[in-house]
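Me: Could you walk me through this structure, and tell me for each label what it rests on?

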Amino acid sequence: MSGQDLMATENFVDFQDVWLAYNEELLAEQHFAVEDINLQVKQGEFIAIVGPSGCGKSTFMKLTTGLRKPSRGRILVDGREVDGPLKISGMAFQAPSLLPWRTTLDNVLLPLEIVEPYRSQFKAKRAEFEARAIELLKSVGLGGYERKFPWQLSGGMQQRASICRALIHEPKMLLLDEPFGALDAFTREELWCTLRDLWTERQFNVILVTHDLRESVFLADTVYVMSKSPGRFVVKRHIDLPRPRDLEVTYTPAFSDIVHELRGHIGAIRKS
Amino acid sequence: MKQKTLERWAPWGLLVLTLVLWQTVCSAFQVSEFIFPSPWRIAQQTFEFKAVIAAHAWRTFWVTMAGFGIAIVVGVLLGFVIGSSRLAYAAVYPLMTGFNALPKAAFVPILVVWFGIGVGPAILTAFLISFFPIMVNIATGLATLEPELEDVLRVLGAKRWDVLIKVGLPRSMPYFFGSLKVAITLAFVGTTVSEMTAANEGIGYLLISAGSAMQMGLAFSGLVVVGAMAMVMYELFSYIENHTTAWAHRGSQEV
């Protein structure tokens with residue numbers, strides 16, 4: 001085993017000097033959406049990316065999942081260079097985007113109809129998969145809502161179902177793009193705890209893009225602050241609050257200090 | 001509940017009201033039946049010529065359904081192609097819009113040259129006039145997929161085809177059924193217009209011959225029959241629409 005392979009197994013996600021321009025004209029003009037991204041994420045680490053809107057956070061997500069290829073540099077995920085959509089990740093967005101003609105259960109099962117090895121077993125093992133989906137729904141507080149249609153659920157419940165859909169195929173990496181942005185403050189805090197519990201239990205990697213600083217500090221191991229276009233990481237802040245974290249922690253001075261410090265960095269970026 | 005019953009009977013009430021008013025005007029001013037026949041006169045003539053009208057109506061009906069059937073097949077296929085490929089959309093759409101702007105009645109003489117007098121021109125006119133809304137609606141349903149949803153699936157390694165089958169097609173079904181309602185009424189227009197100049201049978205032919213024989217009551221009953229057939233078919237597709245894609249109409253059903 002070479003030295004690099006060893007490095008790769010240690011770091012689950014490894015961005016090495018990554019630049020991205022959205023098309024060739026922009027590349028010729030040296031106009032990059034994100035630039036000089038260097039990032040190492042350990043196995044099972046929960047990272048959050050915060051920054052002003054339009055700073056390339058979503059671009060970063062597309063790079064990580066292989067939906068976009070970098071113009072320069074390379075990206076390794078799980079020891080392999082990313083050269084197309086990874087099948088080991090799940091995604092959820094601000095809009096739950098559930099399919100209205102499918103029940104909640106069938107919505108959650110959708111990834112299993114697409115990704116191998118589940119796809120070829122889907123008909124034979126349907127009952128088993130359904131049991132698994134029902135179990136997962138129950139763990140986020142949606143027990144008994146399997147047969148309801150998405151439009152019969154509240155916004156928070158739809159978002160829970162959307163996170164279940166991202167997790168049903170047991171991905172090694174969960175990517176969340178402002179998943180709680182459209183929810184009210186109370187529902188949002190409830191869902192923080194749901195996500196915390198799922199992550200504690202299953203130990204997948206999480207990349208959370210958000211502009212809620214309290215959310216990032218409460219949930220993540222490491223918070224990265226991104227500058228506005230072209231996006232680059234300007235601050236890396238390790239969150240050393242002890243785990244397991246309770247919502248109470250958000251009212252402690254230590255928590256407020258970190259949030260305040262990050263807020264200072266964002267303020268500095270906005271002024272520059 | 002009371003509001004709902006009222007809504008259901010409202011169109012019938014309006015129909016009766018219109019007929020009564022029409023009859024009153026015709027009787028009161030003694031309008032000549034060769035100019036503007038009264039509803040009663042139309043009813044009498046419809047009854048008198050019921051066998052003839054039925055034969056012509058049947059012809060118009062099956063010809064329309066044949067044209068409409070072709071329109072569904074062609075409309076869905078074309079819509080699928082241009083809705084699933086941006087290049088095809090860019091290439092086909094402007095031409096189709098131009099084509100749709102042409103009056104379809106203008107095609108009838110050309111179709112007569114190619115296919116002769118009879119069912120050929122009528123079926124094709126019905127088809128030409130009714131495939132466009134079907135195509136546009138299928139294409140719109142496919143082309144307006146939410147990008148986030150596409151990303152969710154592509155991250156899992158879904159191919160374009162998977163996305164089309166799992167999301168695109170079911171998503172465009174309400175658009176499709178919606179377009180059938182519009183298309184079926186257009187198809188009746190196409191058939192009737194074509195029959196007026198290029199057939200010896202059908203309601204369109206009946207209208208022309210009744211008109212030239214000054215049988216105004218009969219001409220009007222021809223119109224009534226076409227209208228009734230189109231309305232029945234419209235309601236049929238509306239019923240199918242509501243019972244297959246209820247998820248898209250939940251707002252109106254909950255009221």
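Reply: Happy to. One convention is needed at the start: axes are lines fitted to C-alpha atoms, for helices over the stretch in contact, and angles run from 0 to 180 degrees between N-to-C directions. With that, helix H3 (residues 57-65) of chain A lies across strand E1 (11-20), E2 and E4 of chain A, and runs at about 120° to E1(A). Please keep in mind that this is a predicted model.

Me: What makes the sheet with E2, E1, E4 and E5 of chain A an open one, and which strands are at its edges?

Reply: The order of the four strands is E2-E1-E4-E5 (chain A), with antiparallel pairing. E2 and E5 of chain A have a single partner strand each, so one side of each is left without a neighbour in the sheet, and these two stand at the edges.

Me: How do you know that E4(A) and E5(A) pair?

Reply: Pairing asks for at least two bridges between two strands. E4(A) and E5(A) have two bridges, in the antiparallel sense, so the condition is met. In this pair, Val77(A) stands opposite Arg80(A) in E5(A).

Me: What is notable about phi of Asp78(A), and why is Asp78(A) called partly exposed?

Reply: Asp78(A) sits in the loop between strand E4 (72-77) and strand E5 (80-81) of chain A. Its phi is near 55°, a positive value in a residue other than glycine. As for exposure, 18 other C-beta atoms lie within 10 Å of Asp78(A). Buried would need 20 or more and exposed 12 or fewer, so a value in between is called partly exposed.

Me: And what makes Gln30(A) count as it does, buried or exposed?

Reply: Gln30(A) has 10 C-beta neighbours inside 10 Å, so it counts as exposed, the limit being 12 or fewer. Gln30(A) belongs to the loop between helix H2 (24-28) and strand E2 (34-42) of chain A. Phi of Gln30(A) is near 60°, again a positive value in a residue other than glycine.

Me: What kind of peptide bond runs from Arg243(A) to Pro244(A)?

Reply: A cis one, with omega near -5°. Pro244(A) lies in the loop between strand E10 (233-238) and helix H10 (253-271) of chain A.

Me: How do you know that both faces of strand E6 of chain A are covered?

Reply: Look at the residues on each side of E6 (residues 89-92). Ser89(A) and Met91(A) on one side are buried, and so are Gly90(A) and Ala92(A) on the other. E6(A) also runs parallel to strand E7 (residues 173-177) of chain A, with four bridges joining them. One of the bridge partners is Leu174(A) in E7(A), which matches Gly90(A).

Me: Which residues touch the most other members of the largest nonpolar core?

Reply: Ile49(A) and Val223(A), in a core of 81 residues. Helix H7 (residues 155-167) of chain A gives the most to this core, with six residues. A second, separate core has 50 residues, including Phe80(B) and Phe176(B). Leaving aside residues up to four places away in sequence, Ile49(A) touches Lys57(A), Phe60(A), Ile207(A), Val209(A), Tyr224(A) and Met226(A).

Me: Why is Val119(B) called buried?

Reply: Val119(B) has 21 C-beta neighbours inside 10 Å, and the cut-off is 20 or more, so the label applies. Val119(B) is in helix H6 (residues 119-143) of chain B. In chain B as a whole, 38% of the 255 residues count as buried.

Me: What elements make up chain B?

Reply: Chain B has 11 helices and zero strands. Its C-alpha atoms fill a box of roughly 75 × 55 × 25 Å, taken along the principal axes. Among contacts in chain B with a separation of 6 or more, 75% come from residues 24 or more positions apart.

Me: How many residues of chain B are in contact with chain A, and which helix gives the most?

Reply: 17 residues of chain B are in contact with 20 residues of chain A. Helix H7 (147-154) and helix H8 (160-198) of chain B each give two or more residues to that side of chain B. H7(B) gives the most, with six residues. By residue type, the side of chain B that touches chain A divides into nine nonpolar, one polar and seven charged.

Conventions: Residues are numbered from 1 along each chain as its sequence is written. Chains are lettered from A and ligands numbered from 1 in the order in which they are written. This is a predicted model: local features need pLDDT of at least 70, side-chain atom pairs count only at pLDDT 80 or more; totals for chains, interfaces and linings use all residues. A nonpolar core is a set of buried Ala, Val, Leu, Ile, Met, Phe, Trp, Tyr and Cys residues joined through C-beta atoms within 7 Å. Two residues are in contact if their C-beta atoms, placed from the backbone, lie within 7 Å. Ala, Val, Leu, Ile, Met, Phe, Trp, Tyr, Cys and Pro count as nonpolar, Asp, Glu, Lys and Arg as charged, and the others, Gly among them, as polar.
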